[in-house]
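Please open the structure in your viewer and keep the selection panel at hand, since this tour moves from one selection to the next.

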Amino acid sequence: LSPFQCEGHPNGLKTVRDYPVVVCWEDSYGVGGHSTMITIGLVATLIPLAFLAMTAWVVWKLPSKLATGETKFLNAFRFLFFRFRHGAHWYILVFLVRNLLIAIIPAIGSAVVQILLLMLLMLPLLVLTVYVRPWTLPMANLLDATNTACLCVLLYVFSLFTESVDGLALARVCVAIVVFVFVSVVFAISWGIYERFVRSGKPFQFFLSHHKAGAGNFARLLKMCLAGDRFVTRNIFLDSDNLRDLADLFNVVSSDTETLVVICSKEFLLRPWCIGEIATAYINKVQVQTLTLQDFEWPDADFIEKYEEHVPDVVSLSQFSISLTVVQASLWWLQDRPCLDLQNDLTSPMLKDITQSIISYQKTSRQRHAPRLSGRRNSIGVEDDEIMRPSDSAQLSNCIIANMLSLEAASSAFVLQKLLRKTMQSNPAQIPLVLVQRDTELLPTMRQACLICDTGAFRSVFVVGMVMRAVHA
């Protein structure tokens, strides 16, 4: 960009800053004239612009390539993304555009204009870096934010040494900044009024509260089932997908969640953050739908009264203004919420029953108690394998073997099937069949079996039997 950086002189001429003998926009030096330098500069500028365009294309394609598992593409462009955390791969564009603009700005206007433009570039980037925290390493985020802040301070110091300042232009800039601040304040107030009184729906239609060790895979499966229903038009909060800062967890429950779905597993009530979500919903009157798993037991009066002894870490919730008294009250309150009781082994129609019951509760918000789910037939009489199994199951060549008596193993099997279904739509025969307890034989067409291994998988007669059949098939 050197050919574009010209300096003025008292005689009215401008010369290239790095080559003072070259007069800007004149060709008095023949082949070495300024127009030749401009042409070469423009051609050279196409190189970083082409790289930026290619990077934008890669960023656009990356989600679909990840979904289809194209390892060649991922390995080829890994150098662009490996430094950024999951979900912040797009920050490479911010990084490259920032560097490009820093190189271009010195070729624009006077020193005052350059300093102003650099400040307008660096300050929003500082805010974006602190908010997004794009780098994989926490120290890298801190270093990036510190360097950007130091550059802003240096720009301020440099502005004190500018020799000539256009007073009228500076006054206009100051007026523009004051107007921007005023408009920002008005916008923030208007947005707050809209969020509080006008907005018809909150960002998260459902919030799945769960204990990862006891129901992490089931929560993932439930989110996929809910997201596939046409009534669900907004986001579903799952901490592994949507949680960016643990300190904001309770704010999401109180302000951004319409219905809190509580998946009650064995140790759910022993986790301070889980009970904190319940207490936040209790304080802010958020709709709650409970889903109790087979290993869950409702707490008795003695457990609630001595909750601090059973869960000593509950004191950590005090920093969020959640006292022990509120926790105990929320535990009693939780037992009066509408409840779905998952009594039997996980099946496809049961998943549909759960999904429809949760959605129906949100639609009515008056239902006090939901019926227990049997899992034998859903409300429309669909057989066990009619939902999850392809219609041409007789031609399937793949299957998934899992301990269906284990909720997490069964959930893993259904999640895997749903993920593979998206990538195998063009060849339905490749979609794996999840074998359930009532299956006694493998289909003759099956050639591959995926075994879900969990604790106790090989103690399952069903799993061992299917593995033996697969070995001898």
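Begin by selecting Cys450 and Cys453: the sulfur of Cys450 lies 8.5 Å from the closest cysteine sulfur, the one in Cys453, which is too far for a bond. Bear in mind as you look that this is a predicted model. Cys450 itself is partly exposed, because its relative accessible area is 30%.

Next, select Cys264 together with Cys339, where the closest cysteine sulfur to that of Cys264 is found at 7.1 Å, again too far for a bond. With a relative accessible area of 0%, Cys264 is buried. A disulfide is a covalent bond between the sulfur atoms of two cysteines. How many disulfides does the structure hold? The count is zero, and the cut-off used for such a pair of cysteine sulfur atoms is 2.5 Å.

Now turn to helix H6, which covers residues 138–159, and pick out Phe158 within this helix. Phe158 counts as partly exposed, because its relative accessibility is 45%. Extend the selection to Leu151, Val153, Leu154, Tyr156, Val157, Leu160 and Phe161, and you will have, together with Phe158, a nonpolar surface patch of about 840 Å².

Finally, clear the selection and view the whole protein chain, in which there are 17 helices and 10 strands. Of its 473 residues, 39% are buried, while the chain exposes about 27,000 Å², with carbon and sulfur atoms supplying 62% of that area. If you display contacts between residues at least 6 apart in sequence, 72% of them join residues at least 24 apart.

Key: Residues are numbered from 1 along each chain as its sequence is written. This is a predicted model: local features need pLDDT of at least 70, side-chain atom pairs count only at pLDDT 80 or more; totals for chains, interfaces and linings use all residues. Side-chain values use heavy atoms; hydrogens and water are left out. Patches are made of residues with over 30% relative accessible area and no salt bridge: like charges are joined within 9 Å, nonpolar side chains (Val, Leu, Ile, Met, Phe, Trp, Tyr) within 5 Å. Accessible areas come from the Shrake-Rupley method with a 1.4 Å probe; for residues, only the protein chains shown count as cover. A salt bridge is a side-chain nitrogen of Lys or Arg within 4 Å of a carboxyl oxygen of Asp or Glu. Helices (H or I, at least four residues) and strands (E, at least two) are DSSP runs, numbered from the N terminus. Buried means under 20% relative accessible area, exposed over 50%, partly exposed in between (1.4 Å probe, protein chains only). Contact means heavy atoms within 4.5 Å.
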